[in-house]
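Biologist: I have not looked at this one before. Can you walk me through it?
Modeller: Yes, here it is.

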Amino acid sequence: MLSRDAGELCVDGLRLCDIAAEFGTPAYVYSWPTIEARYREMAAALADVRGQIRYAVKANGSLAILSRLAGLGAGFDIVSGGELERVMRSGGSPAKVVFSGVGKSTVEIDFAIKAGIECFNVESASELARIEARARLLGCRAPVSVRVNPDVDPGTHPYIATGLKNSKFGVPANVALDLYASAAASDALAVVGIDCHIGSQITAAAPFATALERLLELAATLARQGIDVRHIDIGGGFGVCYRDEEPFDLEGFAATLASQLAGTDLAVLVEPGRSLVADAGILLTRIEYLKAAGERQFAVVDAAMNDLIRPALYDAWHGVEKVGDGPGQQGIWDIVGPVCESGDFLAHERDLELAEGDLLAIRNAGAYGFSQSSNYNTRPRPPEILVEDGHTVLARRRETAADLLHLECV
């Protein structure tokens with residue numbers, strides 16, 4: 001994806017300095033060839049286990065990316081009615097959409113039932129009762145899968161570990177059995193699967209194997225009770241290399257699935273998000289000022305925590321690379337933004353040779369970058385640019401102050 005041509009950093013052969021000149025900064029730049037390659041690699045690895053990809057829209061919901069993934073055959077994992085609207089606007093099929101999340105509203109449930117989604121991943125007894133009531137009112141049978149909390153520690157950041165027993169997500173196995181019995185007895189519900197999602201940025205296959213073992217045990221118990229499921233949804237959370245992490249062993253993961261699922265006729269759903277798009281994106285930003293404060297040196301850039309909140313939220317590490325090769329001041333720099341918060345930083349203590357006006361590329365920003373951005377400090381969000389077939393596609397224009405204010409009244 002990234003390379004250098006005569007000292008200038010390029011994305012798929014296009015110079016980032018030229019992209020900055022055309023679209024300004026800050027700006028998100030995505031490599032479609034990289035996303036497509038990641039998707040095809042995963043689809044091929046999972047082919048032997050009847051694996052079906054349901055891309056996690058929350059990672060990056062750009063319509064341009066969703067439409068191209070749909071064209072490759074992807075389905076989608078959503079967590080809101082708004083994300084379902086995105087999928088449908090992009091040309092994705094609701095019949096290949098699984099709806100996760102602990103707080104589905106009545107409006108969202110009605111929308112999903114009418115759209116004809118693949119299934120609801122149910123996360124509580126109250127939610128199951130609501131889905132049943134709405135389906136009956138609408139004269140439909142709602143497809144359901146219970147999200148089971150397998151109590152597996154994925155060894156990741158506490159904020160993104162979702163399968164532990166004290167998590168707000170999912171239900172314990174014993175509660176799941178009761179929910180399945182209730183769903184199977186209802187003429188307004190159709191049991192279609194069993195689901196879990198143990199966390200995000202997981203770099204080892206072992207936690208998935210443990211979770212799948214527990215789901216298969218539960219599926220066997222259900223079968224003995226006359227309740228059959230068609231698919232197992234193992235979730236997503238496959239880790240990527242931001243710094244020095246071990247690459248996720250996709251082939252090993254697929255082999256583990258094949259071994260554990262041998263002798264069953266269950267389809268497997270996976271919900272990758274970050275692993276398909278993180279490496280494909282950069283946040284392009286320009287240095288406004290260089291300044292010193294005591295022993296610290298700051299490079300103040302035009303991107304901020306409202307554009308990329310991961311460093312402030314998780315203390316996440318993103319690589320920073322100078323776009324050009326011009327001279328500058330060598331030093332250990334904190335890369336910070338203009339937002340009025342001490343926590344507004346993109347990177348700490350980076351050894352770089354910098355000058356005011358230099359362009360920087362914040363790497364691995366394709367996932368949970370723009371999708372978590374905000375308008376804090378009344379800052380318009382940056383544009384999203386897709387690089388495809390040797391040219392740029394404006395996937396989303398830069399916001400203006402008028403965009404931010406048009407919903408407000410004096």
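Biologist: Start with helix 2. Which of its residues are buried?
Modeller: In helix 2, Trp 32, Thr 34, Ile 35, Tyr 39, Met 42 and Ala 45 are buried. Keep in mind that this is a predicted model.

Biologist: How are those buried residues of helix 2 placed, seen down the axis?
Modeller: They fall within an arc of 165° when you look down the axis of helix 2, so they line one face of the helix.

Biologist: And how far does helix 2 reach?
Modeller: Helix 2 covers residues 32-45, which is 14 residues, and reaches 20 Å from its first C-alpha to its last. That is close to the 20 Å expected at 1.5 Å a residue.

Biologist: Now helix 7. Which residues are buried there?
Modeller: Ala 176, Leu 179, Tyr 180 and Ala 183 are the buried residues of helix 7. Seen down the axis of helix 7, they fall within an arc of 100°, so they line one face of the helix.

Biologist: Why would spacing like that put residues on one side?
Modeller: An α-helix has 3.6 residues a turn, so residues three or four places apart point the same way.

Biologist: What is on the face of helix 7 turned away from the buried side?
Modeller: The exposed residues Asn 174 and Asp 178 are carried there.

Biologist: What do the buried residues of helix 7 pack against?
Modeller: Two helices and two strands: helix 6 (125-138) and helix 8 (206-224), plus strand 9 (142-147) and strand 10 (189-195).

Biologist: Strand 9, then. Is Ser 145 buried or exposed?
Modeller: Ser 145, which is in strand 9, is buried, with a relative accessible area of 0%.

Biologist: What does Ser 145 touch, leaving out residues up to four places away in sequence?
Modeller: Its contacts include Tyr 180, one of the buried residues of helix 7. The others are Cys 119, Phe 120, Asn 121, Val 122, Gly 193, Ile 194, Asp 195 and His 231. As for Ile 232, 87 residues apart from Ser 145 along the chain, the two C-alpha atoms are separated by 8.9 Å.

Biologist: What about helix 5? Which residues are buried, and what do they pack against?
Modeller: Helix 5 runs over residues 106-115, and its buried residues are Glu 108, Ile 109, Asp 110, Ala 112 and Ile 113. They pack against helix 4, helix 6, strand 7 (97-99), strand 8 (119-122) and strand 9. Helix 5 is followed by Gly 116, which has a positive phi, near 85°.

Biologist: And on the helix 4 side, what does Leu 84 touch?
Modeller: Leu 84 is found in helix 4 and is buried, with a relative accessible area of 0%. Not counting residues up to four places away in sequence, Leu 84 touches Ile 78, Val 97, Phe 111, Ala 112, Ala 115 and Ile 117. The C-alpha atoms of Leu 84 and Ala 115 are separated by 8.9 Å, with their positions 31 residues apart along the chain.

Biologist: Change of topic: pockets. What is the volume of the second largest pocket?
Modeller: About 400 Å³. The second largest pocket is lined by 18 residues, and Gly 61, Ser 62, Arg 86, Phe 370 and Arg 396 lie nearest its centre.

Biologist: Which elements give two or more residues to that lining?
Modeller: Helix 4 (81-89) and strand 20 (391-396) do. Helix 4 gives the most, with 5 residues.

Biologist: How do the lining residues divide by type?
Modeller: The lining of the second largest pocket has 4 nonpolar, 6 polar and 8 charged residues.

Biologist: Last topic, the backbone. What sort of peptide bond joins Thr 25 to Pro 26?
Modeller: A cis one, with omega near -5°. Pro 26 is in the loop between helix 1 (16-23) and strand 4 (27-31). Most residues other than glycine have a negative phi, and most peptide bonds are trans.

Biologist: Where do Asp 12 and Asn 377 sit, and what is their phi?
Modeller: Asp 12 has a positive phi of about 50° although it is not a glycine, and lies in the loop between strand 2 (8-11) and strand 3 (14-15). Asn 377 is not a glycine either and has a positive phi of about 65°. Its place is in the loop between strand 18 (359-362) and strand 19 (384-388).

Biologist: How accessible are those two?
Modeller: Asp 12 counts as partly exposed at 28% relative accessibility. Asn 377 is partly exposed, with a relative accessible area of 35%.

Methods: Residues are numbered from 1 along each chain as its sequence is written. This is a predicted model: local features need pLDDT of at least 70, side-chain atom pairs count only at pLDDT 80 or more; totals for chains, interfaces and linings use all residues. Side-chain values use heavy atoms; hydrogens and water are left out. Buried means under 20% relative accessible area, exposed over 50%, partly exposed in between (1.4 Å probe, protein chains only). Helices (H or I, at least four residues) and strands (E, at least two) are DSSP runs, numbered from the N terminus. The arc is that of the directions from the helix axis to the C-beta atoms. Contact means heavy atoms within 4.5 Å. On a 1 Å grid over the protein atoms alone, a cavity is a set of points where a 1.4 Å probe fits but cannot get out, and a pocket is an open set with protein on both sides within 12 Å along at least five of seven lines; lining residues have an atom within 4 Å of a point. Grid points are joined across faces, edges and corners, and a volume is the space filled by probe spheres set on the points. Ala, Val, Leu, Ile, Met, Phe, Trp, Tyr, Cys and Pro count as nonpolar, Asp, Glu, Lys and Arg as charged, and the others, Gly among them, as polar. The expected span of a helix is 1.5 Å times one less than its number of residues.
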